[in-house]
Amino acid sequence: MDEIIFSLEPGGARPVFLELSEALIAAITAGRLRPGQRLPGTRALARTLGLNRNTVDAAYQEAVLQGWLEARASSGTYVARDLPDGTAPSGGTAKNAPVAAAKVRTAQPRLSFSDGAPDVRLLPVAEIARALRRVLRGPDLRASGAYGDPRGAQALREQLAQHLAAQRGLAIDADDVLVTRGSQMALFLAARCLAAQGAAIAMEEPGYPLAAAAFRAAGLRVVGVPVDESGLSLTALEQTVTTDPSLRAVYVTPHHQYPTTVTLGATRRVALLDLARRHDFTIIEDDYDHDYRYDGRPVLPLGARAGGDVRLVYVGSLSKLLAPGLRLGYAVAPPELLGPMAELRQAIERQGDLPLELAVAALMREGDLWRHLRKSRRIYEDRRDALCDLLRARLGDRLAFTKPVGGLALWARLGQGQDAGRWSAAAAAQGLAVTPASAFCLHGETAPQAFRLGFAGLDGREMAEAVDLLARASEEVR
């Protein structure tokens with residue numbers, strides 16, 4: 001569909017996602033967006049507006065909650081057909097409706113503190129191209145004949161099972177693995193197979209907004225559970241589980257909590273598994289960046305010690321090892337869940353990208369992927385340290401952080417009196433995209449004043465320039 005342009009005022013006191021949500025609603029009431037019209041994807045609109053994708057997703061979700069938009073599973077986001085009262089009639093533009101301006105006043109960002117994406121410039125292009133050529137010319141692809149297994153290529157599932165058993169303590173084989181187009185699909189499939197009328201899922205607050213979007217699209221009601229300096233609050237979770245009998249699952253990111261980066265400690269991990277046993281809910285564990293650990297050894301997943309009496313879906317991503325555009329994720333689940341997930345995946349996509357799956361399996365088998373990981377991990381560790389040094393030197397009196405032991409992002413807490421929404425808008429006007437904590441919260445008005453600063457995608461020169469822009473933006477809103 002054609003681009004849709006909205007006017008956003010930088011430097012306002014309100015979070016950017018709320019500004020965008022109101023601009024969407026204004027466009028609907030003005031008749032620029034029609035009932036049933038499909039909206040651009042969050043990535044496309046974020047690129048058009050020069051915003052972070054999570055900000056656009058949060059704006060969509062806010063408009064969905066208010067009844068102006070509707071999310072359709074495996075299809076996209078649409079203007080609701082049954083709009084709230086007082087909107088424009090389907091035949092034309094409403095009189096006196098607010099009209100969104102035709103151009104964006106925010107600067108196109110030159111640099112971005114992403115939410116924790118890898119640097120695509122490090123992608124081992126030659127190795128991937130060589131592996132793909134071998135697959136396309138080799139016998140395996142032609143020998144498959146008809147459509148492939150909806151669970152994914154056997155070769156990749158075998159390599160994943162070996163890797164997860166050796167490196168993450170999961171006692172599994174290839175039949176326990178479902179390959180998906182990114183971890184986002186895995187989250188949706190798991191949630192859809194757990195959904196029932198009125199069922200709910202609990203997730204961390206702040207947490208991963210696209211997980212919330214997947215769960216809502218799957219038909220689950222999302223309940224936020226607070227996160228503190230030690231990760232998910234088990235006290236708050238137990239209260240939620242006890243008072244909400246409709247709760248079917250809990251979604252967690254225990255290795256590096258998204259977005260705050262803290263690791264869930266051993267005591268809370270044991271308590272979470274015990275709570276799942278006592279209240280019979282499913283744990284969805286998203287271990288999205290397990291391989292990026294710089295200090296100490298990685299913590300084994302919950303799934304490594306859950307036992308057969310806990311239903312657990314373990315979700316991971318290969319896109320973090322390669323590039324976001326190479327959509328490869330996976331899920332490990334018990335047969336009673338993995339079977340329905342594979343059937344649902346077959347219904348919406350039949351099978352995955354077989355040449356890519358076979359090529360990545362070859363990269364794993366021959367060691368190219370692990371050599372790339374070791375190289376990238378060294379580079380990202382250096383970038384983490386560089387960002388910490390720059391922030392202390394330029395902004396030490398205005399924000400605080402704990403150096404993350406792993407992952408691809410840093411959680412920076414703003415000093416008293418600082419407003420993350422205004423600071424973010426001022427940075428956008430300078431040409432820097434930075435995501436405030438409100439983009440990661442189910443209820444933006446209760447969000448902490450903080451930023452998630454992804455460092456992996458910035459080299460030394462870019463990092464210094466980004467921190468300089470962040471510092472300049474801070475001066476504007478002091």
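This section describes the sheet, two helices, an aromatic cluster and several backbone features of a predicted model.

The strands considered here belong to an open sheet of 8 strands with mixed pairing, in the order β4-β11-β10-β9-β8-β5-β6-β7. Its edges are formed by β4 and β7 (231–232), each of which pairs on one side only. Within the sheet, β5 and β6 (residues 221–228) run parallel and are joined by 6 bridges. A202 has V223 of β6 as its bridge partner. Strand β5 (200–205) is followed by a loop that leads to α8 (209–217), and P206 is found in this loop. The peptide bond from E205 to P206 is cis, with omega near 5°.

A second cis peptide bond joins Y258 to P259, with omega about 10°. P259 lies in the loop between β8 and α10. The same loop between β8 and α10 holds T261. T261 is not a glycine, yet its phi is positive, at about 75°. The relative accessibility of T261 is 10%, and T261 therefore counts as buried, the limit being 20%. A positive phi, about 55°, also occurs at D280, again a residue other than glycine. D280 is placed in the loop between α10 and β9. With a relative accessible area of 52%, D280 is exposed.

Aromatic pairing was examined next. The model contains 7 aromatic pairs. One of them is formed by Y258 and Y288, in an edge-to-face arrangement with 5.7 Å between the ring centres and 75° between the planes. This pair links distant parts of the chain, 30 residues apart: Y258 is in the loop between β8 (247–252) and α10 (266–279), whereas Y288 is in the loop between β9 (282–286) and β10 (312–317). Both Y258 and Y288 are buried. Y258 also pairs edge-to-face with F440, at 5.6 Å centre to centre and with an angle of 80° between the planes. Here the separation in sequence is 182 residues, with F440 in the loop between β15 (435–436) and β16 (450–454) and Y258 in the loop between β8 and α10. F440 is buried, as is Y258. Y258 thus takes part in the cis bond to P259 and in ring pairs with Y288 and F440. Through ring pairs, Y208, Y258, Y288, W411 and F440 are linked into a cluster.

Helix α6 (residues 154–168) comprises 15 residues and spans 20 Å from its first C-alpha to its last, close to the 21 Å expected at 1.5 Å a residue. Its buried residues are L156, R157, Q159, L160, A161, H163, L164 and R168. The elements that cover these buried residues include two helices, α12 (354–366) and α13 (368–395). The cover also includes the strands β4 (177–180), β10 and β11 (329–332). In the sheet order, these three strands appear as β4-β11-β10. After α6 comes G169, which has a positive phi near 70°.

Helix α14 (residues 420–430) is mostly covered, with 9 of its 11 residues buried. The buried positions are A420, G421, W423, S424, A425, A426, A427, A428 and Q430. At the N-terminal end, D419 caps α14 through a side-chain oxygen that lies 2.9 Å from the backbone nitrogen of G421. Just after α14, G431 adopts a positive phi of about 100°. A glycine with positive phi therefore follows α14, at G431, as one follows α6, at G169.Strand β2 (residues 76–79) contains T77. T77 has a relative accessibility of 15% and counts as buried. Apart from neighbours within four places in sequence, T77 is in contact with Q37, R38, L39, Y60, L69, E70 and A71. At Y78, the charged end of R72 sits over the ring, 3.8 Å from the ring centre.

Note on methods:
Residues numbered from 1 in each chain as written. Heavy atoms only, no water. Phe/Tyr/Trp six-rings, centres within 6.5 Å; stacked < 30°, edge-to-face > 60°. Helix = DSSP H or I, 4+ residues; strand = E, 2+ residues; numbered from the N terminus. Buried < 20%, exposed > 50% of the residue type's maximum accessible area, 1.4 Å probe, protein only. Lys NZ or Arg CZ within 6 Å of the ring centre and 35° of its normal. Polar contact = N/O pair within 3.5 Å; in protein donor to acceptor, adjacent residues only side chain to side chain. Contact = heavy atoms within 4.5 Å. Expected span 1.5 Å × (residues − 1). Pairing = 2+ DSSP bridges.
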